Amino acid sequence: MSISQLARSIKASPTLKLNETAAKLKEKGEPVIHLGGGEPRSKAPLDAVLNCSTQLMTGEVRYAPADGLPALKKAILRYTEEQYGRMLAPQNVIVSSGAKQSIMTLLYAILEPKDEVVYPAPYWVSYPEMVKLAGGVPVAVTPEDGSFVPTVPDIADKLGSYTKAIILNSPNNPSGVLYPAEFVAEMVEFCEKKNLWLVMDDLYNRLVFDGKKAPNAYDYQKQERERSKLVVVQGVSKMYAMTGFRIGWALASREVVEAMTNIQSHQTSGPVTVSQWAAVGALSGVQSGIESLRLTLENQRNLMVERLRTIPGVRVTSPDGTFYCFPDFGAYMKDSQKLAELLLERVRVVTVPGKEFGMDGHLRLSYCGTVKEIMDGVERIKWALDPQAPNELILGDRKLMRDWA
Ligand SMILES: Cc1ncc(COP(=O)(O)O)c(C=O)c1O
């Protein structure tokens with residue numbers, strides 16, 4: 001079969017691939033613990049469910065405008081005013097099938113062939129593949145000191161005449177680290193000066209711990225709104241635990257929103273109409289679910305970091321937010337793909353190799369599961385890596401036997 005060169009250059013999403021492997025093992029009755037997941041386990045807000053089921057029950061589910069239902073755009077504008085202190089117009093908003101589609105459509109709208117898009121490592125696995133799909137060239141910036149926080153000079157070093165955009169994701173998937181406000185401020189100024197697009201992927205910005213607050217790029221924007229190349233990406237997936245509804249959005253100048261809308265209208269038309277009604281419900285309804293999710297995750301972060309610190313040689317940076325942790329297992333194995341495979345094979349724990357996020361030697365572990373999954377998952381990893389460990393590990397009613405040399 002003649003599969004295109006472009007398609008052949010695109011890797012499958014490693015997280016989705018791992019989910020499939022884990023599901024197959026589970027089906028066979030294997031005691032899998034999934035620390036690879038990228039979605040909260042709480043339920044979608046009741047207001048979201050009620051609002052979309054009311055619409056569904058009418059039996060009239062029609063195409064929505066390609067840039068989103070007016071009612072949802074209105075709810076997003078209200079949210080943006082409340083959370084970002086920024087009043088925008090409906091023409092500054094495009095609703096997409098997940099934040100993923102917003103970013104993809106934006107890249108189609110702004111990139112010329114071979115344009116470069118720069119982002120710090122570790123980075124979300126989809127950025128490089130999305131940039132390639134849009135005909136661009138992905139450029140990762142890896143901080144020299146191995147830290148998870150980039151500096152402006154690190155980024156400036158990677159810029160060339162083809163650089164078109166910079167993507168920042170804070171708090172960050174996979175490290176959970178929050179970029180300092182001074183860094184965000186400098187980046188906004190830097191991009192305005194250099195006439196670069198700055199994409200703020202704020203998907204996790206409500207899930208921040210220890211009383212910290214995610215910096216708001218709008219606070220530092222000097223350029224007039226319609227001339228600005230600042231794009232903020234948001235969505236309901238993480239903060240409302242609504243991953244399956246597939247609703248995200250981008251906030252940008254009218255010109256780019258119009259270009260993105262034209263593209264989206266030929267890709268998917270608008271996002272699924274009932275999902276948009278669910279998002280209206282979530283944004284307009286009771287908001288306490290976000291805080292209770294945030295608190296649960298903060299406790300689970302504490303537990304995971306504490307447990308991981310009992311494994312000799314593993315270096316852990318405590319996450320400021322998200323539901324991911326990105327410990328360095330380099331003392332055990334530098335090849336994170338091999339390590340993840342070994343952990344799945346030996347102790348049936350699913351992790352995501354750091355290589356996929358641009359930092360080998362690390363594993364991404366999620367703490368969005370249950371307390372038991374976190375405790376038992378980390379205990380199994382510790383046991384699997386310790387050559388002196390006893391031959392059997394008993395956790396509750398589950399007994400694992402060492403069957404490797
Ligand atoms: C950093 C980041 N951005 C964007 C997305 C896309 O989210 P969605 O398409 O579910 O809105 C994800 C999902 O995992 C993510 O981790």
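Start by selecting P353 and L363: L363, in β12, is the bridge partner of P353. Strands and helices here are DSSP runs, numbered from the N terminus (helices are H or I with at least four residues, strands are E with at least two). Before you go on, know that you are looking at a predicted model, in which local features need pLDDT of at least 70, side-chain atom pairs count only at pLDDT 80 or more, and totals for chains, interfaces and linings use all residues. Residues are numbered from 1 along each chain as its sequence is written, and side-chain values use heavy atoms, with hydrogens and water left out.

**Stop 1: the sheet**

Now widen the selection to β11 and to β12 (residues 363–366), which pair in the antiparallel sense over two bridges. Two strands count as paired if DSSP finds at least two bridges between them. Add β9 and you have an open sheet of three strands, in the order β9-β12-β11, with antiparallel pairing. Look at the edges: β9 (324–325) and β11 (352–353) each have a single partner strand, so one side of each is left without a neighbour in the sheet. What holds such strands together? Strands of a sheet pair through backbone hydrogen bonds, either parallel or antiparallel.

**Stop 2: the ligand**

Next, click on the ligand and show what is around it. Its shell is made up of G98, A99, K100, W124, N169, N173, D201, L203, Y204, S237, K238 and R246; a residue is near a molecule if one of its heavy atoms lies within 4 Å of it. Colour the shell by type and you get four nonpolar, four polar and four charged residues. Which helix gives the most to the shell? That is helix α5 (residues 98–110), with three residues.

Then try some distances to oxygen atoms of the ligand, keeping in mind that a polar contact is a pair of N or O atoms within 3.5 Å:

- N173 has a polar side-chain atom 2.8 Å from a ligand oxygen.
- S237 brings a polar side-chain atom to 2.7 Å from a ligand oxygen.
- R246 has a side-chain N or O atom that is 2.7 Å from a ligand oxygen.

Switch on a surface for the ligand: the protein covers 92% of the 400 Å² of accessible area that the ligand has on its own. Such areas come from the Shrake-Rupley method with a 1.4 Å probe.

**Stop 3: salt bridges**

Here a salt bridge is a side-chain nitrogen of Lys or Arg within 4 Å of a carboxyl oxygen of Asp or Glu, and the count comes to 17. Go to R307, which forms a salt bridge with E306, the closest N and O atoms being 4.0 Å apart. R307 also forms a salt bridge with E379, at 3.7 Å between the closest N and O atoms. R307 lies in helix α11 (residues 288–308) and E379 in helix α13 (residues 371–385), so this pair ties together parts that are 72 residues apart in sequence.

Are these residues buried or exposed? R307 is partly exposed at 21% relative accessible area, as is E379 at 23% (buried means under 20%, exposed over 50%, partly exposed in between, with a 1.4 Å probe and protein chains only). While E379 is selected, pick T310 too: the two are 69 residues apart in sequence and 9.3 Å apart in space, C-alpha to C-alpha.

Stay in helix α13 for D376 and K372, four residues apart, about one turn of the helix. Their side chains meet in a salt bridge (2.5 Å, N to O), and D376 counts as buried, at 12% relative accessibility. For a last selection, take E291, R294 and E298, which are linked in a network of salt bridges.

Methods
A polar contact is a pair of N or O atoms within 3.5 Å; within protein, one must be able to donate a hydrogen and the other to accept it, and residues adjacent in sequence count only if both atoms are side-chain atoms. Ala, Val, Leu, Ile, Met, Phe, Trp, Tyr, Cys and Pro count as nonpolar, Asp, Glu, Lys and Arg as charged, and the others, Gly among them, as polar.
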